[in-house]
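Trainee: Could you walk me through this structure while I have it on screen? I would like to ask things as they come up.

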Amino acid sequence: MRLALIGQPNAGKSTLFNQVAGYKAETGNFPGTTVTYTESKVQVLGESVELVDLPGTYSLSAASRAEQEAIRYLASHEVDAIVNIIDASHLIQGLGLTLELLELGCPVIVGMNMMDEAARLGLSIDGPQLQELLGVPVLPLVANRGRGIQKLFTTAVQVAREGKDAPRLPYKNKVLEQTVQSLTTHLEDNTIGWAPEALAIRLLENGEALFSDIKQELPDIWPLVEEHKQMIIEGHGNDPEWAFAAERHALAQELTSKVVIQKEERVNWQTRLDDIILHPFWGYLIMLGILWIFFQGVYTLGSYLEKPLLNSFDVFTQKLPTLLGGGESVWIKMLVGGIQGIAGGVAIVLPYLVPFLLGMGFLEDLGYLPRLAFMMDVLMHRLGLHGKAIVPFILGYGCNVPAVMATRTLRDRQDRFLAALLATMVPCAARLSIIFGLVAFYLGPIYAVAIYVLNILVIAIVGRLLSQRVLKGSPGLILEVPAYRLPTLKTVVQKAWFRIREFVVEAWPLLIGGSIILEIANILHISDIINIVFRPLTWALGLPTAVGMPLVFGILRKELSLIMLRQALNVTDFSMALSPEQMLTFTVFVVFYVPCVATLAALRKELGTRKMWIITALTVVVAIVAALFTRLFAVVFAPVLGF
Amino acid sequence: MVLIDAECGQSVRIISYTGGHGVISKLRQLSLMPGDSVQIVKKAPLRGPVLIESQGRSVALGRGIAARVQVEII
């Protein structure tokens, strides 16, 4: 049996999915964080159920590719029942999507989440009456506290077993209703497996755009569809797309007015908080304060842990050859190499990654990020950046892969290309560990801040150049600003743990394998060849020849370039082998050049192979220019900076 | 008048909006339909975006978009 979970962004769908399926979906108090389908197997009522987590979507208006995919997936009966999660505190908006789902001709069940939040807002919701009006089960839910989940899924399985399709609520507008019914009669035996009525509505509403790839399977209906569309335009006064949206909106409003009673309106502390957080002066001061505390905290904690961890690993790797009987055998060298790989992962990356992920998760769940977007929009526009690009942009600080995937929510192809390109230049958590582990650790945290500022400037310049020269202007920001929610320790820790586990599982084999390969390459002098190939580049940047090989490893995973550098330079203390200028130049180059393999794969999937290569080439150009600038700057100002 | 001309704290009713297909469908998705009443909650400084509230949901609208939304004061 297969169940699909669908809901609007921020309705708590991923939280629910995680509660049921273990930590699989990425959640956050930020609209649109889920962009790929996650599937998980769970046991309900002794039945094995495949649970599909669909991307958060406001409606099925087919405006974006993600929505089109979702409509086709659901309408073609690939699932046995749809579990629709709605936010009880935003019922009108949530019901808009529910009404669309009821039109698809599938079994539907509604989970009304955030009942506690609705109660706090003074909303009294009559669930049983809503159930009666909609004609499908409606169950209360507080997903983040685990309340109501079991009941929801046992009911969902029962509904799926019965297999009774949800009834559609008739439209108030007579013409619209009659037109839909009239077209339905012509579609009774369609070959694409959709419910005839669902097909009729979607043909009228979305037309050929939604069916472009299966046009041949529905050959003789297009004149009929046009005819019916004309009927709507004449009878309703709007084109079908508008007509359907307006009808559903009116229905949702009517339903809400019947089931929701607004009790005394309490003084909303959220509004009070926003008065300060979004204040034209204090807001920006608070923003700087939050970011400062965040990065200072990551740095303090990380550097506190990095030193003793590195030392103990160094002592261990130095003693190891003696412990194993000494000698310079190849095997011992490889073993030491592998252990040094682990040392890099544990001592250089984890101390910064763990606090970063915890802090990021906290800010995400709190709901601060959309507010940051609101305040930064002016600046972004001034610098020629796309308003909506802020979503992948902010996600990018955690990891570039979800950032690139999040560009799927952008409609325009050129917008998606630009947003993806810029997102890949955002220093992710892996590059954060390089910036902090090398620059902040040896030169001081102020230099790490300088690199972040430089990074934002470079991204802004690239964005501005491309949006003016190549791409057309951006439509601007439309972003939901969700209510603040106090993050629970459990969800923040779970989320951080999930990402760390991913790092350990995916990166450590690469770290260990990479270190051993580097050791072998050293013995066989292969790295010399690679270093010679890279020599023109390393020479121009004023870096040691041995940097070439680590740069290659950096493409596998960004943090590898630093970890491998340690081994390639054969030092435990970077300040012995690199001057401050070299540290800065190296870090700036690594921050920008070539996205890691995982990001490349995401780019290829989202934009195609050609654009992936264009982005790769652009990042190399940007990296070289930025690194040369850094070198020049560091050399010129060396006396001032005290290098 | 258009949405950006409304003052902070004012309640307005949406009459209509214009723009590209993407903009229109996004506004529609966020349940900002003609006929709905909307309150202006915040206006970011330096010609920044506008924060509005409609039926309990807050939405940030860039200036370019807010300039395309025709409203009347209620």
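Mentor: We can take the overall make-up, then the cores, the salt bridges, a surface patch and some strands.

Trainee: Ok, what should I know before I start reading?

Mentor: This is a predicted model, in which local features need pLDDT of at least 70 and side-chain atom pairs count only at pLDDT 80 or more, while totals for chains, interfaces and linings use all residues. Residues are numbered from 1 along each chain as its sequence is written, chains are lettered from A and ligands numbered from 1 in the order in which they are written, and side-chain values use heavy atoms, with hydrogens and water left out.

Trainee: How many helices and strands does chain A have?

Mentor: Chain A has 29 helices and nine strands, where helices (H or I, at least four residues) and strands (E, at least two) are DSSP runs numbered from the N terminus.

Trainee: And what share of chain A is buried?

Mentor: Of the 643 residues in chain A, 58% are buried; buried means under 20% relative accessible area, exposed means over 50%, and partly exposed lies in between, with a 1.4 Å probe and protein chains only. The accessible surface of chain A comes to about 26400 Å², and 63% of that belongs to carbon and sulfur atoms, with areas taken from the Shrake-Rupley method with a 1.4 Å probe and, for residues, only the protein chains shown counting as cover.

Trainee: Which residues have the most contacts inside the largest nonpolar core?

Mentor: They are Phe356(A), Phe436(A), Phe574(A), Phe586(A) and Phe592(A), in a core of 112 residues. Such a core is a set of buried Ala, Val, Leu, Ile, Met, Phe, Trp, Tyr and Cys residues joined through side-chain atoms within 4.5 Å. Its largest share, 16 residues, comes from helix H14 (residues 330–366) of chain A. Apart from it lies another core, of 60 residues, which includes Ile86(A) and Tyr171(A).

Trainee: What does Phe586(A) touch, leaving aside its neighbours within four places in sequence?

Mentor: Among its contacts (heavy atoms within 4.5 Å) are Leu438(A), Leu543(A), Val547(A) and Ser561(A).

Trainee: Switching to charges, how many salt bridges are there over all chains?

Mentor: A search of the whole structure finds 21, each being a side-chain nitrogen of Lys or Arg within 4 Å of a carboxyl oxygen of Asp or Glu. One of them joins Arg485(A) to Asp87(A), with the closest N and O atoms 4.0 Å apart. That pair links distant parts of the chain, since Arg485(A) is in the loop between strand S9 (478–481) and helix H21 (489–523) while Asp87(A) is in strand S4 (residues 81–87) of chain A, 398 residues apart.

Trainee: Are Arg485(A) and Asp87(A) buried or exposed?

Mentor: Arg485(A) is buried, with a relative accessible area of 17%, and Asp87(A) is buried as well, at 6%.

Trainee: Which side chains does Glu254(A) pair with?

Mentor: Glu254(A) meets Lys172(A) in a salt bridge of 3.5 Å, N to O, and forms another with Lys258(A), where the closest N and O atoms are 3.3 Å apart. Glu254(A) and Lys258(A) both lie in helix H11 of chain A, four residues apart, which is about one turn of the helix. Lys172(A) is exposed, with a relative accessible area of 51%, whereas Glu254(A) is partly exposed at 28%.

Trainee: Back to the surface: which residues make the nonpolar patch?

Mentor: Phe629(A), Leu632(A), Phe633(A), Val636(A), Phe637(A), Val640(A) and Leu641(A) make a patch of about 680 Å². Patches are made of residues with over 30% relative accessible area and no salt bridge, like charges being joined within 9 Å and nonpolar side chains (Val, Leu, Ile, Met, Phe, Trp, Tyr) within 5 Å. Helix H28 of chain A gives the most to the patch, with four residues, and Phe637(A) lies in the loop between H28 and H29 of chain A. Phe637(A) is partly exposed, at 37%.

Trainee: Last one: why is strand S3 of chain B called largely enclosed?

Mentor: Four of the five residues of S3(B) (residues 50–54) are buried, so the strand is largely enclosed by the rest of the structure.

Trainee: And how does S3(B) pair with S2(B) and S4(B)?

Mentor: S3(B) pairs with S2(B) (residues 37–43) in the antiparallel sense over four bridges, and with S4(B) (residues 57–61) in the antiparallel sense over five bridges; two strands pair if DSSP finds at least two bridges between them. S3(B) and S4(B) form a hairpin with two residues between them, and Gln55(B) in the turn has a positive phi of about 50°.
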